[in-house]
Amino acid sequence: MLFDYHVHTRYSADSRAPVIEQLRAAEKAGVTHICFTDHVDFDGIGLRPADIAARNAEIDALKDQFPDIDISFGMEFGMKDKTAYEDAYGHVKGCHMDFVIGSVHIVNGLDAYYPEYFQGKSREEAYLAYIERGLECIRVSDFSVMGHYDFCAKHSPYAERSMSYSMAPQIFDEIFRELISRGKAFEVNTSAWHNDPAWGLDILRRYRELGGEYVTTGSDAHKPERVGNRLSEALDMIRAAGIPYVATFKNMEPIMHRI
């Protein structure tokens, strides 16, 4: 039961992966449910928004070649402010949507992917600023799940890159209460782990303590070799945290899978 609900293709400005190659990689990795979540960003980072209509048409043309994979149509919106997500929804108006990831990339005008974001900041300062921005954005945005809470760790320069609940307990609690009250989910994204030990069990346990019942899992793969990466470890962590369900989505509605 491997659900990769965060996968990019050549329709994302930061990926060159053909849709069919991502599907072949998913089949090889044993992924049973996949959602393509190409970037639709109006947050000022300069990436052109994906042509979702063209991508959906290509996926439709390929679906019959992969009968053992449940394929959903998603997208990843860059959360910056209310205007940014409204522009994103306007861009995909008329396109079929199953699922939307709401993700923070920009904090105080800087992309948390690049070295400039970390200059002059300790790990605690850089990560806290990112988490605080996440809380601000989810309060004014609409989405299915909050994406990669630890995006800032993906290319951080610190010897210890992991994100922990203790770095921002009050902010995490506010995020979880906001998500839970609105029936939204929290993503377990494996991309920041690289080859390090997986982190996040403490965060997921607190999410569960506050009433969180379901999450999604995703590799954030921009290349075929990353599709399905470490999803089994993510499932083990979700079970250890006591979270009962992993969700897939159809027509913007969650489908719960007990694990």
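What share of the contacts in the chain with a separation of 6 or more comes from residues 24 or more positions apart? I looked that up first, and the figure is 76%. I am working from a predicted model, so every value here is computed from it.

**Entry 1: the whole chain**

I counted the secondary structure next and found 7 helices and 11 strands. The radius of gyration is 17 Å, and the globule rule gives 18 Å for 259 residues, so I can call the chain as compact as a globular protein of that length. Along the principal axes, I get a box of roughly 50 × 40 × 35 Å for the C-alpha atoms.

I then checked burial, and 57% of the 259 residues are buried. The accessible surface comes to about 10,800 Å², with 47% of that belonging to carbon and sulfur atoms.

Charges were next on my list. I have 28 positive and 40 negative ones, and their mean positions sit 1 Å apart.

**Entry 2: H222**

I went to the loop between β9 (214-218) and α7 (231-241), where H222 lies. Is H222 buried or exposed? Its relative accessibility is 19%, and the cut-off for buried is under 20%, so H222 counts as buried.

Which residues does H222 touch, leaving out those up to four places away in sequence? My list reads H8, D14, S15, R16, A17, Q22 and H39. I also noted a polar atom of the H222 side chain at 3.0 Å from the backbone oxygen of D220.

**Entry 3: D220**

That took me to D220, which is found in the loop between β9 and α7. With a relative accessible area of 6%, D220 is buried.

Which side chain does the side chain of D220 meet in a polar contact? I found N189, at 3.4 Å. Setting aside residues up to four places away in sequence, D220 touches D4, H6, H8, H148, K154, N189 and S191. I put a mark beside H8, since H8 is among the residues touched by D220 and is also on the list for H222.

**Entry 4: A57**

I finished in helix α2 (residues 52-62), which holds A57. A57 has 45% relative accessibility, so I logged this alanine as partly exposed.

How far is the C-alpha atom of A57 from that of A240? I read 39 Å between the two, which are 183 residues apart along the chain. A240 falls within the range given for α7 (231-241).

Terms used. Residues are numbered from 1 along each chain as its sequence is written. This is a predicted model: local features need pLDDT of at least 70, side-chain atom pairs count only at pLDDT 80 or more; totals for chains, interfaces and linings use all residues. Side-chain values use heavy atoms; hydrogens and water are left out. Helices (H or I, at least four residues) and strands (E, at least two) are DSSP runs, numbered from the N terminus. The radius of gyration is taken over C-alpha atoms; the globule rule is 2.2 Å times the number of residues to the power 0.38. Buried means under 20% relative accessible area, exposed over 50%, partly exposed in between (1.4 Å probe, protein chains only). Contact means heavy atoms within 4.5 Å. Accessible areas come from the Shrake-Rupley method with a 1.4 Å probe; for residues, only the protein chains shown count as cover. Lys and Arg count as positive and Asp and Glu as negative; His and the chain ends are not counted. The place of a charge is taken as NZ of Lys, CZ of Arg, CG of Asp or CD of Glu. A polar contact is a pair of N or O atoms within 3.5 Å; within protein, one must be able to donate a hydrogen and the other to accept it, and residues adjacent in sequence count only if both atoms are side-chain atoms.
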